[in-house]
Amino acid sequence: MAKSPNPQSQTIEGRSPNPHVFGVRHHGPGSARSLRLALEELQPDIVLVEGPPEGEAVLPLVIHAGMKPPVALLVYQPDKPSRAAFYPFAVFSPEWQAVSYALENDILVRFMDLAQAHMMAIDDAEAERRAAELEAQMAAAEEALEEMAKQAAAEEETSKQADPAAEASPETPDEEQELSPDNILYSDPLTWLAKAAGFEDGEAWWERLVEQRQDSTDLFQGILEAMTVLREEIEEERPLATNYEPQREASMRKAIRTAKREGFRRIAVVCGAWHAPVLADMPNTAKQDNELLKGLPKVKVEATWAPWTYSRLTWASGYGAGITSPGWYEHLWRFPDEAAAQWLIYAARLLRGEDFTASTAQVIDALRLADALSALRGHTSPGLPELHEAVRATLVGGSDVPMAIIERKLIVGEVMGEVPPDAPLVPLQRDLIAQQKRLRMPANDTDKEYDLDLRKPNDLARSHLLHRLSLLDIPWGRQGRAGRAKGTFHEVWRLQWQPDFAVGVIEAAMWGNTVEAAATARTIDRAQKADSLPNLTGMVNPVLLADLPEASMVVVRQLDEVAALTTDTTLLMDALPPLANTLRYGNVRQTDASMVSGVVDGLIARICIGLPGACSSLNDDAAADMFKRLLSTDGAITLLQNVVHIDSWHDTLAKLVDQDGLNGLIAGRCCRILLDTGELDTPEAARRMGLALSPATDPAQAGAWLDGFLRGSGMILLHDDNLWRVLDDWVMGLAGDVFQSLLPLLRRTFSSFPTGERYQLGERVRHGAQMIVGAAAPEDFDVERAETAMPLVAQLLGMKLP
């Protein structure tokens, strides 16, 4: 084993003392506390921190009164905001404490990592190379397949003349290389040390030996020695470098040399523990490092701060340097001497707030159990595993539900940081923040429900903001169902801000400097590029609810043009219901939906003209789809309550009923719609049912007609003896084998009836023709009084009185 370097005594290139290198874990309270104490003892004249140099301009905001971690340094490409990199910081992050210490004491602080301008350019080039390589492989595979097909055809013709002895034996496929169980250790180098010490993973080992360490004397020297040996052992077997790992470490060494040339003597270097050996020992010369950094590609980037959350600091979020318990780590930072007792107090308080029982005696028992477990395991104080087991045994009785609450709110933590208004922001971000404050909608990471009453100006403005953000693909709010009892003037939203929405806001800034302007421009661009009726129809309601008049006009105009060129009646029928809903309820939400009226008029006219042709020669599957469209179109036209539209629609259905070759399912439903609206009287409906169910009609077609006529409601059979007798005679006249073949269809039809209707139908069958449902005695019925109510009832039902 090579002797580890001592950064306090060696020299670099024989001229000046080595810098003081502090290898840390990126998020750890013990590392942060030890680092802070070490910096206060060292009193450096410059602090170099592993981080992107582009972020130095916004470093002074770290000690701003409005800056509350967790936050992330966001570096992005202005011309391609989706290409962004986040550098998260918590109050217990060693780098955060290093920067804070330097700024609070007027000490120069710099970031020394490889610039993101280079890393993003390298990643882009690598992505292009892989794409080109994949394309070449696919082209080669296609050529190989074509060649194999040609060879197979040629061999088929000459196979009889081929010499069997000349056939080559099949190649034995290469044995798949087995992955050694130790290979998983390369993803986290600390796992090597953890396994040697008897721990399951590197995080558990680091937390126990570093984060919960009480004495920080020689801590960083020990980390440096361990990492030095670890790098030597691992790199001898398999290098761990990424595409630009050597360049990153060369950039750090270059920053150190620059600080020394500028005359700094007490140089503090804060970096990930893995990099510490190559910064303390300087294995490369300045010339070698310059060669590594020479000619690197570069892109333009900018930097700012963004709020972050503890949930995004976890491994589960996909963060490469994530931890499992940010909430617990903050607790260790705040209460280093009495972490166990304070954590159990918070756990009991949380459980009480969630209506679980948690007495003081249970808290005392939990603390005693945690201490006992810690002693049995040879630890000086309880850690999170011991506290977790103690809480499960004493406070929650082994239940998973309260433990899940503790996991979410205490172990991970529901904390979201804040960024001061002085941070560099694109104009769109400033406008969004201003609206969030004006409308009293803070951007929290907790899931909160907002029940908006659209009759109130503030709630209406909230609705406009959320709909506009949705149009910008920033799903801050998820709209739920308000419920029928609350009416159409209510909207229910669930809001939860995610840190990566900051990237979405920056990306949307290209469309405008305010939320309204950006949503308008983005929607207009989508509308102008849309060439299908469903896409445009789906845009109408959102743009109207977002109160974007300019965009609404463009969307409606484009919709009208596309609809005029659409010859597919099914697409026109699919487009009508959402537009009818918008036209009917738009004014309730104080939106100007009148511009949609002309489009709706044109759609209904084209539907009425094209429906007979669209319904001809339909097989059963196509008829089932048309049946659904028929129902939705009828509901939309009824909702509009436009006499002209209703008359046109009913005229079309009347023609459709008499159309030759019409599928029974469609014919039956048309007849039922006309009967329900009064366009068809009961005797005529009974006559048509008799014809449809006559012996001359194919039983399957007759069953389909009956399904279309009755599906959804059979109440009409209980109130109309004529229809009942026609149906009864038809069923009684069916042969046994025919009845069995139709039974699934009849069962599906009658299963769509409400339970009460099915029961009454069964009772009528059991009692025969003697049962008359709902008949009133003539002396109890006042015709004059009933006639006074008929106009109102007809209006409510959307019917036309004769």
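Helix α3 covers residues 116-158, and E146 sits within this helix. In this predicted model, E146 also belongs to a negative surface patch, which it forms together with E142, E143 and E147. Membership of such a patch requires a residue to have no salt bridge, so E142, E143, E146 and E147 are all without such a partner here.

Elsewhere, charges do find partners. Side chains of opposite charge can pair when their charged atoms come close. The count for the model comes to 27 salt bridges. One of the pairs is E40 with R36, whose side chains meet at 3.8 Å, taken from N to O; that falls inside the 4 Å limit for a salt bridge. As for where this pair sits, both residues belong to helix α1, which runs through residues 29-42. E40 and R36 are four residues apart in that helix, so about one helical turn separates them.

Next come the pockets. Rolling a probe the size of a water molecule over the atoms shows where empty space is left. The second largest pocket comes out at a volume of about 670 Å³. Its lining is made up of 24 residues, and those closest to the centre are P307, V419, I433, Q436 and A443. Several elements chip in: β9 (302-307), α15 (427-438) and α17 (501-508) each provide at least two lining residues. The top contributor is α15, which gives six residues to the lining.

Two spots in the backbone also deserve a mention. The peptide bond going from P69 to P70 is cis, and its omega is near 15 degrees. P70 is placed in the loop that links β4 (46-49) with β5 (71-77). The other spot is D355, which is not a glycine yet has a positive phi of about 70 degrees. D355 is likewise a loop residue, found between α11 (339-353) and α12 (360-376).

Terms used:
Residues numbered from 1 in each chain as written. Predicted model: local features only at pLDDT ≥ 70, side-chain atom pairs only at ≥ 80, totals over all residues. Heavy atoms only, no water. Patch = residues over 30% accessible without salt bridge, like charges linked within 9 Å, V, L, I, M, F, W, Y side chains within 5 Å. Areas by Shrake-Rupley, 256 points an atom, 1.4 Å probe, with all protein chains shown as cover. Lys, Arg positive; Asp, Glu negative; His and termini not counted. Charge placed at Lys NZ, Arg CZ, Asp CG, Glu CD. 1 Å grid on protein atoms, 1.4 Å probe; cavity = no way out; pocket = protein on both sides within 12 Å on 5 of 7 lines; lining within 4 Å. Points joined across faces, edges and corners; volume = space filled by probe spheres on them.
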